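Please read the sequence alongside the 3D view, and follow one residue from its loop outward to the fold that surrounds it.

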Amino acid sequence: MKRLWVFVRFLTVFLFFFLVASLTVQGFTGTYGINYGRIADNIPPPDKVATLLRAAKIKNIRIYDADQSVLKAFSGTGLELVVGLPNGLLKNMSTNEDNAMSWIKENVQSFLPETKIRGIAVGNEVLGVLDDESCEALVGAVKNIYSAIHKLHLDDVIQITTAHSQAVFSNSYPPSSCIFKDNVVQYMKQLLELFSKIGSPFCLNAYPFLAYMSDPENIDINYALFQSTQGIYDPKTKLHYDNMLDAQIDAAYAALEDAGFKDMEVVVTETGWASRGDDHEAAATVNNARTYNYNLRKRLAKKKGTPLRPKRVVKAYVFAIFNEDLKFGPASERNYGLFKADGSISYNIGFHGLESSAADTSRLFLKGIRARGWFWSHFFASAISATTLLLLSS
């Protein structure tokens, strides 16, 4: 009887945690994703991009709007999308919940379930960058967008988030000293309280490239590139960091803990390295971009956490699929792509670019020749062996 009681208690606890886990929306499968920016006039159409991503086995995709041509092209592909509500729409969504409901119905609900929309990123890098009016609009928009998906019973499918830059932090070195800036706290806490209730992560755009560029004399580039280095030591936590991305993530965890949200997950929604830049952007080279993105893939494939949160597996979206020739700013802004405008690879980190049908046909033909060659070589070898055995036996 006692054993039965122990078993019943165990089963009850197991079912409780199973139900809690099942109620938490998962907006990310695995550990690796990519951003699909489209500020360009020379990149492949969305259906070709879907083919490229499936060939590369990249399942998690973020876009910065809810472009219907993309949503239609990705229908039935199995690719999992986070769509974006642009900053320019925040005020409209925050002032009227009906506007948020209409936007959800038109840009999300109408494409489900064929297009696997797994999340909505409300705004991008608003806090610490834009004015107070925009920050207030962000909070209102997040609340109204969530209210709309809740009323439509999509809150068990769609995860609501917003991405932040390093501008929300007052200090991030060493990681344990990181806190949120005073001018963002009032808005940040409202967002974190909601995200904590609905199980959404804290989304961080983390760029060791930009951090290195801001202070190249005092930052070892190998530390930024996941290369062998002394790293840094955090005296408060007594933790060692051998790469900057882990340190940036743990700085976010420290700020969350200071704000009272220790258990919230951090997901990296943008990270990358430019392959070309202006004269003052000496670190923006093909070799450095290849090194960073290759080592990032290896690091994410290990499915491990950070020094401060070793059980929280790091998840990251790399920036970006393509170079974007119409972006403003320094040359580096237009050269983050893993792929060139024609779909070929910018540099080799293990992916394959788009190929023409002629190239595909040629490759299949050569493969067929090799296969037939293998068959006939083995056929003749077997025939010779059989003949030899018959001669010896006679």
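Serine 200 lies in the loop between α7 and β8, in a model that is predicted. Is serine 200 buried or exposed? Serine 200 has a relative accessible area of 5%, and because this value is under 20%, the residue counts as buried.

When residues up to four places away in sequence are left out, serine 200 touches Gln159, Ile160, Thr161, Phe195 and Met264. With one of these residues there is also a polar contact, since the side chain of serine 200 reaches the backbone oxygen of isoleucine 160 at 2.6 Å.

The two elements on either side of this loop also meet each other, for helix α7 lies across β5 and β8. A second helix, α11, lies across β1, β11 and β12. The table sets out the two helices, each with the angle to one of its strands.

| Helix | Residues | Strand for the angle | Angle |
|---|---|---|---|
| α7 | 182-198 | β5 (159-164) | about 145 degrees |
| α11 | 286-301 | β12 (316-318) | about 155 degrees |

The strands named here belong to a closed barrel of eight strands, which runs β1-β2-β3-β4-β5-β8-β11-β12 with parallel pairing. Neighbouring strands of this sheet are turned against each other by 25 degrees on average, if direction is ignored.

How many bridges join strand β1 to strand β2? Three bridges link β1, which covers residues 32-35, to β2, which covers residues 60-62, and the two strands run parallel. Within this pair, isoleucine 34 stands opposite isoleucine 61 in β2.

Notes: Residues numbered from 1 in each chain as written. Predicted model: local features only at pLDDT ≥ 70, side-chain atom pairs only at ≥ 80, totals over all residues. Heavy atoms only, no water. Pairing = 2+ DSSP bridges. Helix = DSSP H or I, 4+ residues; strand = E, 2+ residues; numbered from the N terminus. Axes fitted to C-alpha atoms, helices over the stretch in contact; angles between N-to-C directions. Contact = heavy atoms within 4.5 Å. Buried < 20%, exposed > 50% of the residue type's maximum accessible area, 1.4 Å probe, protein only. Polar contact = N/O pair within 3.5 Å; in protein donor to acceptor, adjacent residues only side chain to side chain.
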